[in-house]
Amino acid sequence: MSYFDTSPPQARRIPVTLLTGFLGSGKTTLLNQLVQQPSMSRALVIINEFGEIGLDHQLFTASTDGEQIELSNGCICCSIRTDLAQTLKDAVWRFAREGQRQFDRLIIETTGLADPAPIVHTLMSEAKVARHYALDGIVTVMDAASGSTTLDRHDEALRQAAMADLLLITKQDVASKEQLDALRQRLAAINPSAPQRLLDHGHIEANDLLGLGPEDMDVRSADIQRWLGEAASNAATAHSPTLSAGALFARVDSAEVQTGMSPAAPLPDANRHDDHIRAYCFVFERPIKAARLEAWLSLITSLMGHDMLRIKGMLDIEGRDRPLVIHGVQHLFHPPVELEAWPGDERFSRLVFITRDIPRQTLEMTLGDFLDG
Ligand SMILES: Nc1nc2c(ncn2[C@@H]2O[C@H](COP(=O)(O)OP(=O)(O)OP(=O)(O)O)[C@@H](O)[C@H]2O)c(=O)[nH]1
């Protein structure tokens, strides 16, 4: 499939929210609050236990068969004991009555130790799954008190934070102000694209964490800015006219995004896991040739897919009037979305990358070669 093929799918796919976060961060507490809300009444909740003892499952014990539970408000919960892809394929008919699917939204709670990427991979690359489901967003829960230590010790936690579309910070009531501030700053450096929200014992409006993907995005500038992150807008205002002769005219890395200052600012301790994570934003003033960008994306993700944690972009593609939104996890891309119009007056392309151990120069030079060549 082309990264830029906007032909509509035959039917709107079921939006999937991936709820992730390290062990004990507060995922189940949040889920318990969510499933009581009316907007979740037609949600299927899958608890991805991967063979662990099903402690989470106790929280939904309304059923006797241990697999399928219907809560009073109609929310359906399912604890995976089989392969995820098979469970997702089966769910479409298994949770149906008289041929009508009984859910129109899916929430997957991962285990605390899960790397979100293989789950996203299952959703997007298995044809029979991708026909029915589309990733709406990755929501990552972080514990304000222990979050920094967890990021120091567990690479999985770092990947969960880096891939998130939304970061929910729990347990501020038991964290010091210093712990909370340090975590927030660190998360902003790891993933400047993801908004951060503070949660009190899991309380949040379900609608605040649903509809995070570009399919549901309004073209209002605030929405797109939120989704692409401050990086994109910072890059737009920081561009240097002297570079504007080429396709590439501005770039911002996570150090700038975090502090609003020069990227030459000293970096933190090089042994920390998150010092391997970098967010880069590239801005292009001229329309981009789709075939060239596609060739570059294809090459770069096949060579570095594992370390290309997130890619998001709003693109001015040559020959198209409207902006095209693309986003991917590793080498997998969602079907692109064409927005109704450009937000505000700003018609230019922005690409945001969250990477692990990929130098900015590698992206910049190869990208420049492909687009200019
Ligand atoms: N003080 C405080 N405790 C919280 C908050 N949110 C969750 N907790 C508690 O944190 C503990 C772990 O929460 P869970 O919701 O079970 O965490 P989890 O991420 O589902 O845990 P795993 O299933 O082990 O991955 C529970 O005792 C919760 O009551 C909060 O905002 N403040």
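# A walk from helix α4 to the ligand and out to the loops

Start by selecting residues 116-125, which is helix α4, a mostly covered stretch with 7 of its 10 residues buried. Buried here means under 20% relative accessible area, while exposed means over 50% and partly exposed is in between, using a 1.4 Å probe and protein chains only. Helices are DSSP runs of H or I with at least four residues, strands are runs of E with at least two, and both are numbered from the N terminus.

Before you go on, know that this is a predicted model: local features need pLDDT of at least 70, side-chain atom pairs count only at pLDDT 80 or more, and totals for chains, interfaces and linings use all residues. Residues are numbered from 1 along each chain as its sequence is written, and side-chain values use heavy atoms, with hydrogens and water left out.

**Stop 1: helix α4.** Color the buried residues: Pro116, Ala117, Ile119, Val120, Thr122, Leu123 and Met124. Now show Asp115 at the start of the helix, where one of its side-chain oxygens comes to within 2.9 Å of the backbone nitrogen of Ala117.

**Stop 2: the ligand.** Select the ligand and show what is around it. Which residues are the closest? They are Lys27, Thr28, Thr29, Asp173 and His201, out of 16 that surround the ligand; a residue counts as near if one of its heavy atoms lies within 4 Å. By class, this shell has 4 nonpolar, 6 polar and 6 charged residues. For that count, Ala, Val, Leu, Ile, Met, Phe, Trp, Tyr, Cys and Pro are nonpolar, Asp, Glu, Lys and Arg are charged, and the others, Gly among them, are polar.

Try drawing some distances. From an oxygen atom of the ligand to a polar side-chain atom of Lys27 you should get 2.7 Å. A ligand oxygen is also 2.5 Å from an N or O atom in the side chain of Thr29. Over at Asp173, a side-chain N or O atom sits 2.8 Å from a nitrogen atom of the ligand. On its own the ligand has 660 Å² of accessible area, and the protein covers 69% of that (Shrake-Rupley method, 1.4 Å probe).

**Stop 3: helix α1.** Next, select residues 27-34. This is α1, which gives the largest share of the ligand's shell, 3 residues. The helix is mostly covered, with 6 of its 8 residues buried: Lys27, Thr28, Leu30, Leu31, Asn32 and Leu34.

**Stop 4: Glu109.** Keep Thr28 on screen and add Glu109, which is in strand β7 (residues 105-109). What does the side chain of Glu109 make with the side chain of Thr28? It is a polar contact, at 3.1 Å; that term means a pair of N or O atoms within 3.5 Å where, within protein, one must be able to donate a hydrogen and the other to accept it, and residues adjacent in sequence count only if both atoms are side-chain atoms. Glu109 is buried yet has no salt bridge, and Lys27, the nearest side chain of opposite charge, is 4.7 Å away. A salt bridge needs a side-chain nitrogen of Lys or Arg within 4 Å of a carboxyl oxygen of Asp or Glu.

**Stop 5: two loop residues.** Jump to Lys171, in the loop between β9 (166-170) and α8 (177-190). Its phi is positive, about 60 degrees, although Lys171 is not a glycine. Finish at Asp357, in the loop between β17 (349-356) and α13 (360-372). Asp357 is not a glycine either, yet has a positive phi of about 55 degrees.

Terms used. Lys, Arg positive; Asp, Glu negative; His and termini not counted.
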